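Let's take a walk through this structure together, one element at a time. Have the view ready to rotate as you read.

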Amino acid sequence: MKPELGQLYLPSWRGHPPHMSSLDLPLWDRFQDQYGSQFLGFYFDALVGTPSEVPPGTDEKMLKMWTRLTAKRIDAVGVKPDQYWLIEFRPNAAAGALGTIVTYMTAWRKDPPDDLPVQPVIVSDVFDPDIIDNAHVLGIQLIKI
């Protein structure tokens, strides 16, 4: 399934991103302060991947809701002139954050919206030391904020 990006927000927008948790929000605010000007804009809660199998007997009205609720959701997709950044915001990032961004990256690359390259990124206040080498090997950028 092609990513469903939704509304593009300007880098100067200072609201609460759709579906961003209260734990992730301070990381987003600090990221925007330090890096926001490098981007053309941001998509939030972008859907990627294959939704879970629809339960038998699901009506049309529920089908769309089921698909939306079971798709994977990228916290933010940063748009640069020459690439996308798939961004996972995670306080105290550990192996779960690494698995999440790898899943997003794989789903995105399976059916990308266009030919721009993609850079997976994890933004956190703390990184578990065991994921740093793995992130480097996998080409995942870690940003400590």
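Start on the surface of this predicted model: M62, M65 and L69 form a nonpolar patch there, and together they offer about 290 Å² of accessible area. M62 belongs to helix 2, which covers residues 60-70. With a relative accessible area of 37%, M62 is partly exposed, because that value falls between the 20% limit for buried and the 50% limit for exposed. It helps to recall some helix geometry here. An α-helix has 3.6 residues a turn, so residues three or four places apart point the same way.

Now turn to the sheet. It is open, has 5 strands in the order 1-2-3-4-5, and its pairing is mixed. At the edges sit strand 1 (41-48) and strand 5 (141-144), each of which pairs on one side only. On average, neighbouring strands of this sheet are turned by 30° against each other, direction ignored.

Let's follow the strands in order. Strand 1 and strand 2 run antiparallel and are joined by 7 bridges; in this pairing, L47 stands opposite R73 of strand 2. Strand 2 (residues 72-79) is largely enclosed by the rest of the structure, because 6 of its 8 residues are buried. A hairpin of 4 residues then leads from strand 2 to strand 3. Strand 3 (residues 84-89) runs antiparallel to strand 2, with 4 bridges between them, and one bridge matches V79 with Y84 in strand 3.

Stay with strand 1 for a moment, since D45 lies there. Is D45 buried or exposed? Its relative accessibility is 8%, so D45 counts as buried, the cut-off being under 20%. The side chain of D45 has polar partners: it makes a polar contact with the side chain of H19 at 2.6 Å, and another with the side chain of R73 at 2.9 Å. R73 thus appears twice in this tour, as a contact of D45 and as the residue opposite L47.

At the other edge, strand 4 (residues 118-124) and strand 5 run parallel, joined by 4 bridges. Look for I122, whose bridge partner in strand 5 is L142.

Finally, look at helix 4, which spans residues 129-138. D128 caps its N-terminal end, with a side-chain oxygen 2.7 Å from the backbone nitrogen of D130. What follows helix 4? The next residue is G139, with a positive phi near 75°.

How values were computed:
Residues are numbered from 1 along each chain as its sequence is written. This is a predicted model: local features need pLDDT of at least 70, side-chain atom pairs count only at pLDDT 80 or more; totals for chains, interfaces and linings use all residues. Side-chain values use heavy atoms; hydrogens and water are left out. A polar contact is a pair of N or O atoms within 3.5 Å; within protein, one must be able to donate a hydrogen and the other to accept it, and residues adjacent in sequence count only if both atoms are side-chain atoms. Helices (H or I, at least four residues) and strands (E, at least two) are DSSP runs, numbered from the N terminus. Patches are made of residues with over 30% relative accessible area and no salt bridge: like charges are joined within 9 Å, nonpolar side chains (Val, Leu, Ile, Met, Phe, Trp, Tyr) within 5 Å. Accessible areas come from the Shrake-Rupley method with a 1.4 Å probe; for residues, only the protein chains shown count as cover. A salt bridge is a side-chain nitrogen of Lys or Arg within 4 Å of a carboxyl oxygen of Asp or Glu. Buried means under 20% relative accessible area, exposed over 50%, partly exposed in between (1.4 Å probe, protein chains only). Two strands pair if DSSP finds at least two bridges between them. Axes are lines fitted to C-alpha atoms, for helices over the stretch in contact, and angles run from 0 to 180 degrees between N-to-C directions.
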